[in-house]
Structure formats: C-alpha cells, structure tokens
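Work through the exercises below with the structure open. Try each task before you read its solution.

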Amino acid sequence: MTPALVNPGRRLLVIGGGYTGLRLAQAAQRRGMAVQLTSREPRQDTHGLVWLPFNSASEPPALPPRQALQGTTDVVVCVPPEAGLGDPVLRLLGPILQELPLQWLGYLSTTGVYGDTGGAWVDETGTTAPRPGRSQDRLEAEQAWLASGLPVQLFRLPAIYGPGRSPFEALESGRSRLIHKPGQVFSRVHVDDIVGCLLHCQALSPEQRPTVVNVVDDCPCPSSETLGYAAHLLNHKLPAMERYDTIAAAMSPMARSFWAENRRASNGLLRHTVGYTLRYPSYREGYRACLAEERGGGGQSPRSPGSTT
Ligand SMILES: NC(=O)c1ccc[n+]([C@@H]2O[C@H](COP(=O)([O-])OP(=O)(O)OC[C@H]3O[C@@H](n4cnc5c(N)ncnc54)[C@H](OP(=O)(O)O)[C@@H]3O)[C@@H](O)[C@H]2O)c1
C-alpha cells in the first residue's frame, strides 16, 4: 500500500544516514518529503535521496555546504557523542541549524541514560543514573541539545534490531552465544518502529510532543528467550547454554557493560500519550518480519531501500 503523503511541504535532514537514519530517510521520501542525509564517505544519490558530507573526525571536519541546508524544516540526529568531546553535530553544525526554519529536531539517544534499575521498570520520569563513559556522554549530549534553544525532542532507544541486524545469520554460522544470567532482561525495538514513531511525532503539533520519549517494545525479556525464538523460526539448533558468571571475565569491556545493566524500559508514554501504535510489539512479530525481509528475495541490507515504515 502506498503511504499517505502526510508531509509534502517538509524538508528533512537526517544527520547520520546509518542503519536507522537511512531507513528513516527512505520512509520519509516515500511519504513525499524532500530528504537529505549525511555520510562520512562520498555516496551516490539514489531513489531521490540526496547525500551530503559530514565527518566530525576528519581534519578539517567535513561539513555539508550551507546552501544545501537552506529551507530544512526538520532534522533527525543519529550520530553518537564523541568520547569526552561532546556532541559533534551540535558543536560543528549548531550555528547553521540555528539559522534554519526548523519546526522539529529529533535526537536519537539511548535508554542507557537510566543506568541499571535492577530489572525494574523505568519511564521518562525516572532518575537518570548513567554509567561513566558512553552513557554519561549521552546524557550530557541530551542536556546540551535541550539547552540549544532548538525545537528538540529526545528519543531514548534500547537495542535496535531489524533486517540486516537480526540474530539469524549468526545462529546459522555458529557465532551466536546462548548466555544465561539469572533475572537479566533487555529491552529492544524494531528499526521500523523507530522510523514510524519519528514520522508520527514529526506530524504532531509542538504541544502534542513530549520532550523525552522511550521508543521500546512491550516485551523486555532475556536474550536466551529471543535467541530461542529465532532458532525456532529457523528450525536450527541452539548453541550450548553458558552461564554469565563463568564467561564474564573473558568478555570485552563493551559486552560486559551491556550485561551490567538490567532494566525494563516502559513505553506507556509512547503508546498512550504520543498515540503511536507499535507495528512490532514484541520480538516475535519483529523477528518474523526480519526473516521474511531478509529471505524474501528483495532481501534488505541496511544500505538498501526500505520497503516498510
Ligand atoms: N544500535 C543500537 O542498538 C542503539 C541503541 C541505542 C541507541 N543507539 C543510538 O541511536 C543512533 C542511531 O543508531 P544506529 O544503530 O542507526 O547507528 P549507526 O548505524 O551506527 O549510524 C550512526 C551514524 O552516525 C554517523 N557518524 C558516526 N560518527 C560520526 C562522526 N564522527 N562524524 C559524522 N558522522 C558520524 C555514521 O556515519 P556513516 O554513515 O558514515 O558511518 C552513521 O551514519 C546512534 O546515536 C546510536 O548510538 C543505537
């Protein structure tokens, strides 16, 4: 079904056309928006998407030409903060953004800003208690965006999955690990629900938009449960169960930090106040859709045109 042209007059700039950014850009373009997106590498314009340079780490930084951004009404920032250096988008593009006729700026953050809740539910009113490092940098980036005076809305995301970021390939190639840590759960969201939520919020009036929204599904649960369901869908055997406390010391610091936090992020605000209906309320519908898209012939890599919103 062709999506409704809800925002034909809007001009969207996606800063960071990576996994989520590209999927968003494709969906927005299908809805009739003019869309530009940035990359660190030169890229060919395709399917009506216009690529601009942005690289904060090159010397000198690569910036999109000022002229190309004229008339931009909406921005979504998908670039993470730089360790100890703050938010590169705000630092390098903030003055240009201030000159644009912006109606809305979505900033993709993480539920990591809540820190460890010991498995308890946490909503947007919950205390932020990030671990030092990436999550602390993220909270500081959120605060800097909110202080910018721009029409910022923060979206706190859990683990993102979707076509090309699903468990199937690792299961089949024997790289999956079935790890058990008693009581541990993770929250997650399908990339197309991030895209759907962003487009939904963009279309709302400013007074209808909460400043901070958790974009998570209904079903925080152990990773052993989701891997079990993926194996069931593939009719593939599971790897042997490993106990977290026997393997933690050999894990990378990044993996250990992932397992060190246990929380259930709530989506009550998203569903009841924002009024967004999740397309994939749990990993069960989400994994089935990933498998269909990955194996469906038109199989989607993260860089290929999306077919859903
Ligand atoms: N993945 C997750 O599970 C997860 C969970 C919670 C929050 N998040 C956050 O949500 C956002 C989107 O996630 P994602 O998984 O879609 O991210 P992604 O695929 O890694 O995309 C990140 C984008 O940022 C750009 N970028 C990175 N460093 C940059 C720099 N120094 N200068 C300019 N551009 C830079 C990348 O450019 P290139 O396209 O050139 O590579 C890419 O377009 C990110 O902020 C991420 O940290 C992700």
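Arg165 sits in the loop between β8 and α5 (168-172). The model is predicted.

**Exercise 1. Is Arg165 buried, partly exposed or exposed?**

Step 1. Count the other C-beta atoms within 10 Å of Arg165: there are 15.
Step 2. Recall the cut-offs: 20 or more means buried, and 12 or fewer means exposed.
Step 3. Arg165 has 15 such atoms, so Arg165 is partly exposed.

Follow-up: how far apart in space are Arg165 and Val191? Along the sequence they are 26 residues apart. From C-alpha to C-alpha the separation is 9.3 Å.

**Exercise 2. Place Leu154, classify it and list its contacts.**

Step 1. Find the element. Leu154 belongs to strand β7 (residues 152-157).
Step 2. Count neighbours. Leu154 has 21 other C-beta atoms within 10 Å, so it is buried.
Step 3. Leave out residues up to four places away in sequence. Leu154 then touches Tyr107, Ser109, Glu142, Thr211 and Val212.
Step 4. Take a pair distance. Leu154 and Met254 are 100 residues apart in sequence, and their C-alpha atoms are 24 Å apart.

**Exercise 3. Locate Gln70, decide whether it is buried or exposed, and find its C-alpha separation from Glu207.**

Step 1. Gln70 is in the loop between α2 and β4 (74-77).
Step 2. Gln70 has 12 C-beta neighbours inside 10 Å, so it counts as exposed.
Step 3. Gln70 and Glu207 are 137 residues apart along the chain. Their C-alpha atoms are separated by 26 Å.

**Exercise 4. Examine the backbone at His47, Asn235 and the bond from Glu59 to Pro60.**

Step 1. Set the expectation. Most residues other than glycine have a negative phi, and most peptide bonds are trans.
Step 2. Check His47. Its phi is positive, about 50°, and it is not a glycine. His47 lies in the loop between β2 (34-39) and β3. It has 12 C-beta neighbours inside 10 Å, so it counts as exposed.
Step 3. Check Asn235. Its phi is near 55°, again positive in a residue other than glycine. Asn235 lies in the loop between α7 (223-234) and β12 (241-243). With 6 C-beta neighbours inside 10 Å, Asn235 counts as exposed.
Step 4. Check the peptide bond. From Glu59 to Pro60 the bond is cis, with omega near -5°. Pro60 is in the loop between β3 (50-53) and α2 (66-69).

**Exercise 5. Which residues come nearest to the ligand, and which elements give two or more residues to its shell?**

Step 1. Take the 22 residues around the ligand. Those that come nearest are Gly16, Gly18, Tyr19, Thr20 and Arg40.
Step 2. Assign elements. α1 (19-30), β5 (104-110) and β8 (159-161) each give two or more residues to the shell.
Step 3. Find the largest share. It comes from α1, with 3 residues.
Step 4. Sort by class. The shell has 11 nonpolar, 9 polar and 2 charged residues.

**Exercise 6. Describe how α1 packs against α6.**

Step 1. Get the geometry. α1 and α6 (residues 191-203) pack at about 55°, with their axes 9 Å apart.
Step 2. Name the arrangement. At that angle, α1 is oblique to α6.
Step 3. Give the hand. The crossing is right-handed for α1 and α6.
Step 4. List the contact. From α1 come Tyr19, Thr20, Arg23, Leu24, Ala27 and Ala28. They meet Val191, Asp192, Ile194, Val195, Leu198 and Leu199 in α6.
Step 5. Sort the contact residues of α1 with α6. They divide into 9 nonpolar, 1 polar and 2 charged.

**Exercise 7. Do the same for α7 and α11.**

Step 1. The axes of α7 and α11 (residues 283-295) come within 10 Å and cross at roughly 40°.
Step 2. That angle makes α7 oblique to α11.
Step 3. The crossing of α7 and α11 is right-handed.
Step 4. In α7, the contact uses Thr226, Tyr229, Ala230 and Leu233. In α11, their partners are Tyr283, Arg284, Tyr287, Arg288 and Leu291.
Step 5. The contact of α7 with α11 has 6 nonpolar, 1 polar and 2 charged residues.

How values were computed: Residues numbered from 1 in each chain as written. Predicted model: local features only at pLDDT ≥ 70, side-chain atom pairs only at ≥ 80, totals over all residues. Helix = DSSP H or I, 4+ residues; strand = E, 2+ residues; numbered from the N terminus. Near = placed C-beta within 6 Å. Nonpolar A, V, L, I, M, F, W, Y, C, P; charged D, E, K, R; others polar. Axes fitted to C-alpha atoms, helices over the stretch in contact; angles between N-to-C directions. Parallel < 35°, antiparallel > 145°, perpendicular 65-115°, else oblique. Left-handed = near helix turned anticlockwise from the far one by under 90°. Contact = placed C-beta atoms within 7 Å.
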